[in-house]
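Visitor: Could you take one helix of this chain and explain closely how it is placed among its surroundings? I should be glad of an account that defines its terms along the way.

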Amino acid sequence: MTFGQGPLAGIRILEAGHILAGPYASMVLSDLGAEVTKIEPPTGDMSRQVGDAYFASLNRGKRSVVADLTTREGQDRLHELAAGAHALIVNQRPSAIRKLGLTYEALRPYNEKLVCVAITGYGLRADDDPAFDYIIQAATGVAALTGEPDGPPTLPGYTAADNSAGLTAALGLLAQIISGRGGQVEVSLRDVMLSQLNYKVSAYLNEGAEPVRHPFGAHSYYVPAQLFPTADGFVAMFLTHDRSWRTFVAEAGIPEQEVAAFPTMADRAAHREEVLAVVIRALAADTARGWEARLRPQGIPIAAVRSLPEALAEAPETVVDAGGGFRLIGSPIRIAGYEPVYGPPPALGEHGAA
């Protein structure tokens, strides 16, 4: 196993990011071996004010230099760093990105091959409308699609837009580096979330089918595929194949006459309410963990709903020691022959003299 020589070894990335999307993008790349240097204002990345654990979760293994980009001295430092870098990631308001000289147009004189990635709410040419994660989820229809049909709109329990935009930005950065050309790459949180609504958007644009909420987060097309109550706890069960349906029916002991009308997925989708009534009655006979233990070995996609502590306790291999006293989730990308070296998050300006 090779330590510390990842597939991105030798790639130098600058990050002028705050809070989540930009820092997450550069951390994903750092875990793969890239050398990431945070360019922070004298007050630091705003996430430092949230808490040490929060900052560590997005900035392990990076370097930190302080540069006030509103000053001539700070701009000189930026240009010096850009001259020796492969890419720059920034997530700030469009006007701030331009004002601080963090675009390819501004940095091209110092490095023609520099890849500049701008993460914004609505696009680099858009206005400075505030665009935090929750705002984007509300603006793109995600919140309206989430929750119970007769309840208020709601949000996922994590920052889906920021994290998704960070991953998209990392992909765009690598694509442009591979091209061998410098240039400006744009990723907006709005566009990313609309893209991730793929089949729902397509159904509306091409078939006029406006999406609706189903109870327990049920899938629009597959039935049964949702959360279900059991005798104790909830399970997620996702039956997309007729064979899986027959396996479930047999294991649950459902009489044939109750399901004879639903042999295919098309039949089950056409009779959603009747199918769900049968499934809910059957699942009431055992607990969430009981059904998981019975159905998983038979190839049924099912999982008892777990709390985060329960999930972590069952996946200890995902937790790494990052130094500095922090335990974090390691890289989700596993590459044969390579094991990342997880360094601690940097102190503000720790590497200014490097």
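Guide: The following account begins with the chain as a whole and then turns to helix α11 and its partners.

The model is a predicted one, in which local features need pLDDT of at least 70 and side-chain atom pairs count only at pLDDT 80 or more, while totals for chains, interfaces and linings use all residues. Residues are numbered from 1 along each chain as its sequence is written, and side-chain values use heavy atoms, with hydrogens and water left out.

The chain contains 16 helices and 13 strands; these are DSSP runs numbered from the N terminus, helices being H or I of at least four residues and strands E of at least two. Its C-alpha trace spans about 80 × 45 × 35 Å along the principal axes. Of its 354 residues, 43% count as buried. Buried means under 20% relative accessible area, exposed over 50%, and partly exposed in between, with a 1.4 Å probe and protein chains only.

Helix α11 comprises residues 242-252, and its buried residues are Ser244, Trp245, Phe248 and Val249. They lie on the same side of α11 because they cover an arc of only 135° around the axis, the arc being that of the directions from the helix axis to the C-beta atoms. An α-helix has 3.6 residues a turn, so residues three or four places apart point the same way. On the other side of α11, Arg243, Arg246 and Ala250 are exposed.

The cover over the buried residues of α11 includes the strand β9 (234-238) and the helices α12 (256-259), α13 (265-270), α14 (272-283) and α15 (288-295). Two of these helices, α14 and α15, are described next.

The axes of α11 and α14 are 10 Å apart, and the helices pack at an angle of about 40°. That angle makes α11 oblique to α14. Axes are lines fitted to C-alpha atoms, for helices over the stretch in contact, and angles run from 0 to 180 degrees between N-to-C directions. Angles under 35 degrees count as roughly parallel, over 145 as roughly antiparallel, 65 to 115 as roughly perpendicular, and the rest as oblique. The crossing of α11 and α14 is left-handed: a crossing is left-handed if the near helix is turned anticlockwise from the far one by less than a right angle, and right-handed if clockwise. Trp245, Phe248 and Ala252 of α11 meet Val275, Val279, Ala282 and Leu283 of α14, where contact means heavy atoms within 4.5 Å. By class, this contact has seven nonpolar, no polar and no charged residues. Ala, Val, Leu, Ile, Met, Phe, Trp, Tyr, Cys and Pro count as nonpolar, Asp, Glu, Lys and Arg as charged, and the others, Gly among them, as polar.

With α15, the axis of α11 comes within 11 Å and crosses at roughly 120°, which makes α11 oblique to α15. This crossing is right-handed. Phe248, Glu251 and Ala252 of α11 make the contact with Trp291, Arg294 and Leu295 of α15. These residues divide into four nonpolar, no polar and two charged.

The loop between α14 and α15 holds aspartate 286, which is buried, with a relative accessible area of 19%. Leaving aside neighbours within four places in sequence, aspartate 286 is in contact with Thr230, Ala231, Asp232, Trp291 and Arg294. Finally, just after α11, glycine 253 takes a positive phi of about 70°.
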